[in-house]
Amino acid sequence: MFPEIFRIGPVPLHSYGFMIAVGFLTTLFFIQRDAEKEGYDPKLFADMAFVLLPLGLLGTRLAHIIMFPQFYSWSDPIGWIAVWKGGLVFQGGPPIAVAYVIYFFRKHNIPFWKGVDIVFPYVALGHGIGRIGCFLKGCCYGAPTDQPWAVRFPRVLDPDSNTIAGSPAFLDHLKRFADVTVESTHSHAIHPTQLYSFVGLMVVLAIMLAMRKWWHPFHGFTFPMYFVMYGIFRTWVECYRDDNNPSHLFNLSDQQMFSLIGVALGIVGFVALGYYQKKKTHSPETLSAE
């Protein structure tokens with residue numbers, strides 16, 4: 001666990017924020033490359049991306065505030081915006097991001113569904129790299145396990161006060177388990193759920209790129225497919241997480257409920273969009289234009 005990469009005086013470079021930046025720039029590189037291959041100006045996609053980043057962060061932060069209000073206080077106003085320290089819920093990002101993409105593509109006469117197929121596979125790439133940031137920070141941790149690939153997160157001391165400040169898993173186990181004390185050096189061995197998520201998202205990326213290249217059933221298919229595949233593996237990963245995600249229905253965590261809803265909407269969206277594209281392709285107007 002490396003919550004800070006280095007410090008310049010009192011100013012730290014947080015690994016979580018750094019990995020978000022790496023994910024964003026890596027994603028932007030591939031989006032621009034594919035946009036240019038499709039005959040579009042890659043600079044337009046860069047302009048869009050640099051607006052989407054703060055909008056996406058805003059949406060994911062608001063979702064975290066709604067789900068975990070106990071972590072926020074008006075006595076610490078900086079804490080509400082300190083996204084470089086963690087505290088993002090992915091499902092809060094897509095609604096506001098998609099709304100802006102619709103506006104941007106219409107403004108620049110980019111066919112929406114074609115543009116989606118350029119952009120959306122790489123959402124998984126940026127998301128996955130961000131999960132490496134979660135691992136380095138120690139958030140989104142898993143449940144105790146004796147599997148050989150389990151990880152143990154260390155006790156972390158605040159460099160200024162020399163008091164225990166983390167990691168999140170260690171602090172949680174300090175409260176819950178009698179054999180973890182202030183003298184302990186590490187948490188219990190736990191599932192590296194952040195790395196499970198990274199691997200799963202790379203699989204989603206590989207599948208969508210392969211489908212886009214060799215099958216491509218219709219324009220825009222990557223949009224619903226992402227939510228189907230991400231929702232399935234996220235529901236599974238949640239079974240191994242232990243970071244106090246709230247649950248309210250059928251003993252499923254809220255994240256599992258969001259994921260299953262995403263799967264259902266993705267399946268419906270895939271069928272409906274496929275039907276729409278097929279109908280549009282065989283419409284009299286399209287046939288006469290050909």
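A disulfide is counted here as a pair of cysteine sulfur atoms within 2.5 Å. The model is predicted, so local features need pLDDT of at least 70 and side-chain atom pairs count only at pLDDT 80 or more, while totals for chains, interfaces and linings use all residues. Residues are numbered from 1 along each chain as its sequence is written, and side-chain values use heavy atoms, with hydrogens and water left out.

**Exercise 1.** Find how many disulfides the rule gives, and check Cys139 and Cys140.

Solution.
- Step 1. For Cys139, the closest cysteine sulfur is in Cys140, at 3.8 Å, which is too far for a bond.
- Step 2. For Cys140, the closest cysteine sulfur is in Cys134, at 3.8 Å, again too far for a bond.
- Step 3. The count is zero disulfides.
- Step 4. Cys139 is buried, at 13% relative accessible area, and Cys140 is buried at 14%. Buried means under 20% relative accessible area, exposed over 50%, and partly exposed in between (1.4 Å probe, protein chains only).

**Exercise 2.** Place Glu238 and list its contacts.

Solution.
- Step 1. Glu238 belongs to helix 8 (residues 222–238); helices (H or I, at least four residues) and strands (E, at least two) are DSSP runs, numbered from the N terminus.
- Step 2. Its relative accessible area is 7%, so Glu238 is buried.
- Step 3. Leaving out residues up to four places away in sequence, Glu238 touches Asn245, Ser253, Gln255 and Gln256. Contact means heavy atoms within 4.5 Å.

**Exercise 3.** State which elements the buried residues of helix 9 pack against.

Solution.
- Step 1. Buried residues of helix 9 include Gln255, Gln256, Gly262 and Leu273.
- Step 2. The buried residues pack against helix 2 (42–67), helix 4 (112–119), helix 8, strand 5 (247–249) and strand 6 (252–253).
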